[in-house]
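Reader: Can you take me through the contacts in this one? Start wherever you like.

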Amino acid sequence: MPELPEVETIRRDLAPRLEGRRIRAVHIDKPDILLGTDGPEDFKQRIAGARIRRVGRRAKWLLFILDRGVLITQLRMTGRFAVGRGPVPPIEEFRHVAAEFILDDGNTLFYDDVRRLGGFLVLSHAEWESEERRFGPEPLAAGFRARDLAAAIRRGRLPVKNALMDQSRLAGIGNIYASEALYGARIDPTRPAEGLTDEEIRRLHRSLRRILRSSLNRSGTTFSNYRAVNGRSGSFQDLLRVYAKEDVACRRCGTPIRRIVQSGRSTFFCPGCQG
DNA sequence: CTTGTACCCTGACCGC
DNA sequence: TGCGGTCAGGGTACAA
């Protein structure tokens with residue numbers, strides 16, 4: 001569930017607590033969260049003793065830039081972080097702690113993941129540079145214009161909703177913000193991406209950036225699983241217009257919001273005004 | 001190259 | 001009250 005605004009919120013929470021810290025030791029409680037091929041011993045050896053230079057983000061991935069490589073986290077559906085004085089996590093909801101990173105200031109970074117779909121990966125700086133190129137542009141980057149959105153998504157016959165969520169075309173958009181952005185731009189999510197007009201691309205560009213910024217200002221959407229650091233909630237769910245609102249009257253035209261399935265994912269839209 | 005589908009995982013929820 | 005089935009979706013692997 002964490003998409004760009006949620007991961008960026010977590011990054012902002014973690015950065016002041018982690019930047020400059022050294023990782024003294026690592027405990028892996030659930031080894032299947034190690035997404036690389038090598039096991040826990042190799043993982044520990046690669047990061048124990050490393051200093052965290054910076055906490056970054058690319059698409060939906062959280063990055064711990066170390067002095068000797070990059071520790072990458074993919075939260076996927078249910079990954080969460082908390083920071084506190086160990087050995088017990090500071091909040092009770094952490095009942096599925098999968099990894100603990102003990103820092104040199106006495107704090108511990110706890111990673112909790114009920115479903116264990118998320119996890120960690122360590123790459124060298126060079127490997128990360130190469131990996132990073134697989135992602136499309138960041139939609140909130142200062143220079144990201146409507147023409148950049150057109151270049152990113154306006155090709156192929158696949159539905160525009162799927163194009164928005166394709167991380168190699170555009171970075172950071174998932175199921176919630178794809179539906180919300182298309183509603184804001186009044187575009188039918190099933191339309192082939194290559195068929196969007198310049199005017200529709202401009203509306204979508206404006207809608208997408210406005211919604212992402214607005215969500216960021218509210219620390220993201222708290223919907224069942226997502227929490228920022230130490231259990232903190234976001235509030236963008238109060239501003240959702242279509243996501244998870246099947247049968248609710250559209251605020252623009254009163255038509256009931258519909259749910260359809262595209263590539264196995266729920267899409268919510270208004271059949272009345274998204275034409 | 002593009003596009004689609006199965007899979008991973010567990011808790012919440014629903015109908016009986 | 002219990003029980004089985006279904007769903008949630010980010011990312012990857014793999015097939016067509």
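Author: This is a predicted model. Around DNA strand B sit His96, Val114, Arg115, Arg116, Leu117, Arg155, Gly156, Arg157, Leu158 and Arg169.

Reader: How much of the strand B contact is sugar and phosphate?

Author: Of the atoms of DNA strand B that come within 4 Å of the protein, 74% belong to sugar and phosphate.

Reader: Which phosphate contacts are there, then?

Author: Arg116 has a side-chain N or O atom 3.2 Å from a phosphate oxygen of DNA strand B. Arg157 uses its backbone: an N or O atom there is 3.0 Å from a phosphate oxygen of the strand.

Reader: And what does Arg115 sit against on strand B?

Author: A base oxygen of DNA strand B, which is 3.0 Å from a polar side-chain atom of Arg115.

Reader: What classes of residue make up that surface?

Author: Near DNA strand B there are five charged, three nonpolar and two polar residues.

Reader: Switching to strand C. Which residues come nearest?

Author: Met77, Arg115, Leu117, Tyr243 and Arg265, out of 18 residues around DNA strand C. Sugar and phosphate make up 56% of the DNA strand C atoms that come within 4 Å of the protein.

Reader: Arg115 again. What does its side chain meet on strand C?

Author: A base nitrogen of DNA strand C, with a polar side-chain atom of Arg115 at 2.9 Å.

Reader: Which arginines meet the phosphates of strand C?

Author: Among them are Arg134, with a side-chain N or O atom 3.5 Å from a phosphate oxygen of DNA strand C, and Arg259, with a polar side-chain atom 3.1 Å from a phosphate oxygen of that strand.

Key
Residues are numbered from 1 along each chain as its sequence is written. Chains are lettered from A and ligands numbered from 1 in the order in which they are written. This is a predicted model: local features need pLDDT of at least 70, side-chain atom pairs count only at pLDDT 80 or more; totals for chains, interfaces and linings use all residues. Side-chain values use heavy atoms; hydrogens and water are left out. A residue is near a molecule or strand if one of its heavy atoms lies within 4 Å of it. A polar contact is a pair of N or O atoms within 3.5 Å; within protein, one must be able to donate a hydrogen and the other to accept it, and residues adjacent in sequence count only if both atoms are side-chain atoms. Ala, Val, Leu, Ile, Met, Phe, Trp, Tyr, Cys and Pro count as nonpolar, Asp, Glu, Lys and Arg as charged, and the others, Gly among them, as polar.
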